Amino acid sequence: MAAPMLLPGLGRLLEMPAALGRLSRAYSKPHAFSEVLQLPKPQLTKLVFPLQELQRYLLPDSEPDLLQLRIFDPSLEDVARAESFFTATARNRIEYRSSAVRLDHAPDLLRPEVCFIGRSNVGKSSLIKALFSLAPEVEVRVSKTPGHTKKMNFFKVGKYFTLVDMPGYGYRAPEDFVDMVETYLKERKNLMRTFLLVDSVVGIQKADNIAIEMCEEFALPYVMVLTKIDKPSKGHLLKQVLQIQKFVDTKTQGCFPQLFPVSLGKTFSLYGHQFLPL
């Protein structure tokens, strides 16, 4: 499992005040990550490495196969650089581009693309809205009604990449969801990474398995993101993490081996860890 192996990265963050000073000069605008580093250690650990606090619930010799992971562990500079991607400035424009119901209606963009998919009401639009919190002029509509997103929505993230918000699958999904999403995943040439969101309360559902099968069939590199980690109890969350991690280790080929847990408003670890390898 990922949790026991995250501590070294945290220690490095706490030991780099000089690097933080260099970063403040390199990035002229204040950044959320710099503020995170000022938090007390327990709060910082919970925010940056949310699985770390689950470590004490594990026995040292439990689930040994789940501990053999190669964790992507970016430096402080890497995380700050990733955050700068999402900070709107005159030279780094972040904006909504267009929407499409079919691939042939999608904008012809040359930049790499990343897409977010997940079940209806998994928190996909809320997560994207939080990622764009440093670009408040970008409007991402969020609704408590499942199935609110009916089209593929394209957002330009500076000169770096395009982020695509896909319609949710499952309950109240668009009637043409399969044709829309499957065609995009299969044929979009500049799609570089797919973020597949899974509700940590209920785990991988039948509809999630269909999305996973599509990613595997089309040989797409994808990342499994666990949402709503603040909802279940620690014991239930740990059970889900162990089950999903085992699924990733034994049932997938293209999935990144590390799970990325998020809760609303606490998305630093997602963009800090996963948008860098594009």
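# Notebook: cores, rings and charged pairs

**Entry 1: a starting point.** I opened the model at E182, which sits in helix α7, residues 177–187. I am working with a predicted model here. E182 came out at 29% relative accessibility, so I logged the residue as partly exposed. I then took a C-alpha to C-alpha distance: E182 and A211 are 8.9 Å apart in space, with their positions 29 residues apart in sequence.

**Entry 2: the whole chain.** I stepped back for an overview. I found 10 helices and seven strands. Of the 278 residues in the chain, 51% are buried. For the accessible surface I got about 13,800 Å², and carbon and sulfur atoms hold 51% of that area. I also looked at contacts with a separation of 6 or more: 78% of them join residues 24 or more positions apart.

**Entry 3: the largest core.** Which residues have the most contacts inside the largest nonpolar core? I listed C115, M152, M166, Y184, L185, L196 and M224, in a core of 36 residues. The elements giving two or more residues to this core are strands β2 (113–118), β3, β5 (191–199) and β6 (222–227), together with helices α7, α8 and α9 (234–251). Helix α9 gives the most, with six residues.

I picked M152 for a closer look at its neighbours. Leaving out residues up to four places away in sequence, M152 touches a run of residues from S98 to L103, including A100 and R102. M152 also touches V164, D165, M166 and P167, and on top of those M180 and Y184. Two of these partners, M166 and Y184, are on my list of residues with the most contacts in the core.

Apart from this core I noted another, of 24 residues. Among its members are F85, I94, A135 and F155.

**Entry 4: aromatic rings.** I searched the whole structure for ring pairs and found seven. One of them is F86 with F132, a tilted pair with 6.2 Å centre to centre and 45 degrees between the planes. This pair links distant parts of the chain, 46 residues apart. F86 is in the loop between α5 (76–85) and β1 (94–100), and F132 is in the loop between α6 (124–131) and β3 (152–157). Both F86 and F132 are buried.

I checked a second pair straight after. The ring centres of F256 and F260 are 5.9 Å apart and the planes meet at 40 degrees, so I wrote this pair down as tilted too. F260 has 2% relative accessibility and therefore counts as buried.

Which residues do ring pairs link into a cluster? I noted F86, Y96, F132, F155 and F161. F155 had already turned up in my notes, as a member of the 24-residue core.

**Entry 5: salt bridges.** Side chains of opposite charge can pair when their charged atoms come close. I counted six salt bridges in the structure and wrote up a few of them.

R102 pairs with D104, with 2.7 Å between the closest N and O atoms. Buried or exposed: where does D104 fall? D104 is exposed, because its relative accessible area is 56%. R102, at 43%, is partly exposed. R102 is also among the residues touched by M152.

R119 pairs with D208, and here the closest N and O atoms are 3.7 Å apart. This bridge joins distant parts of the chain: R119 is in the loop between β2 and α6, D208 is in helix α8, and 89 residues separate them.

K124 pairs with D165, the closest N and O atoms being 2.7 Å apart. K124 lies in helix α6 and D165 in strand β4 (residues 161–165), so this bridge ties together parts 41 residues apart in sequence. K124 and D165 are both buried.

**Entry 6: back to D208.** I wanted the full surroundings of this residue. Helix α8, its home, covers residues 206–217. D208 counts as buried because its relative accessibility is 1%. What does the side chain of D208 make a polar contact with? I found the side chain of Y169, at 2.6 Å. Leaving out residues up to four places away in sequence, D208 touches R119, Y169, L197, V198 and G203. That list holds R119, the salt-bridge partner, as well as Y169, the polar-contact partner.

How values were computed. Residues numbered from 1 in each chain as written. Predicted model: local features only at pLDDT ≥ 70, side-chain atom pairs only at ≥ 80, totals over all residues. Heavy atoms only, no water. Helix = DSSP H or I, 4+ residues; strand = E, 2+ residues; numbered from the N terminus. Buried < 20%, exposed > 50% of the residue type's maximum accessible area, 1.4 Å probe, protein only. Contact = heavy atoms within 4.5 Å. Areas by Shrake-Rupley, 256 points an atom, 1.4 Å probe, with all protein chains shown as cover. Polar contact = N/O pair within 3.5 Å; in protein donor to acceptor, adjacent residues only side chain to side chain. Phe/Tyr/Trp six-rings, centres within 6.5 Å; stacked < 30°, edge-to-face > 60°. Core = buried A, V, L, I, M, F, W, Y, C linked by side-chain atoms within 4.5 Å. Salt bridge = Lys/Arg side-chain N within 4 Å of Asp/Glu carboxyl O.
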